[in-house]
Amino acid sequence: MNNSDIVSIAQEKIGYTFKNTALILTALTHSSYAHENSGCEDNEKLEFLGDAILNFLIAKRLFENGSSEGEMTKRRSKIVSRVPLKEAVLNLDLVSIARFGKGTDENSLSDKSI
């Protein structure tokens, strides 16, 4: 599958059209693929930024609802965790269009990789 196919399919699956299509390709690029293809960036920096933004947005919403700090922390950790985020990726079937290195696929990845 070529890059333009990946971009088209991803945009259709998530219902968003990217101005900068390089971002969606990067987001769908596992480090194993980037290591095998020089000049290709993996998704780790985007993941870092996305986690920070998601944590902020969820914290803001919980804060606005007026819970205690302890309750907000517990709820945020349940919402912003690997389980629901992995479930969202799997439900959107984004793994099927992700770029993995040779010998790596969604079946051989640990929960930390998704």
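This report covers a helix pair, a nonpolar core and three single residues in a predicted model.

Local features need pLDDT of at least 70 and side-chain atom pairs count only at pLDDT 80 or more, while totals for chains, interfaces and linings use all residues. Residues are numbered from 1 along each chain as its sequence is written, and side-chain values use heavy atoms, with hydrogens and water left out.

**Helix pair**

Helices here are DSSP runs (H or I, at least four residues), numbered from the N terminus. Helix α4 spans residues 44-64 and helix α5 spans residues 69-79. They pack at an angle of about 140 degrees, with axes 10 Å apart. Axes are lines fitted to C-alpha atoms over the stretch in contact, and angles run from 0 to 180 degrees between N-to-C directions. The two helices are therefore oblique to each other. Angles under 35 degrees count as roughly parallel, over 145 as roughly antiparallel, 65 to 115 as roughly perpendicular and the rest as oblique.

α4 passes α5 in a right-handed crossing; in such a crossing the near helix is turned clockwise from the far one by less than a right angle. On the α4 side, Asn 55, Ile 58, Ala 59, Leu 62 and Phe 63 make the contact (heavy atoms within 4.5 Å). Their partners in α5 are Met 72, Arg 75, Arg 76 and Ile 79. By class, this contact has six nonpolar, one polar and two charged residues. Ala, Val, Leu, Ile, Met, Phe, Trp, Tyr, Cys and Pro count as nonpolar, Asp, Glu, Lys and Arg as charged, and the others, Gly among them, as polar.

**Nonpolar core**

Such a core is a set of buried Ala, Val, Leu, Ile, Met, Phe, Trp, Tyr and Cys residues joined through side-chain atoms within 4.5 Å. The largest has nine residues: Ile 6, Val 7, Ala 10, Phe 18, Ile 24, Leu 25, Leu 28, Leu 94 and Ile 97. α1 (3-14) and α2 (21-27) each supply at least two of them. The largest share, three residues, comes from α1. Not counting residues up to four places away in sequence, Ala 10 touches Ile 24, Leu 28 and Ile 97.

**Single residues**

Buried means under 20% relative accessible area, exposed over 50%, partly exposed in between (1.4 Å probe, protein chains only).

| Residue | Place | Relative accessible area | Class |
|---|---|---|---|
| Thr 26 | helix α2 | 13% | buried |
| Asp 93 | segment after α6 | 37% | partly exposed |
| Ala 98 | segment after α6 | 23% | partly exposed |

Thr 26 touches Glu 41, Asp 42, Asn 43 and Leu 46, not counting residues up to four places away in sequence. Asp 93 has a positive phi of about 55 degrees, although it is not a glycine. Ala 98 and Ala 22 are 76 residues apart in sequence and 13 Å apart in space, C-alpha to C-alpha.
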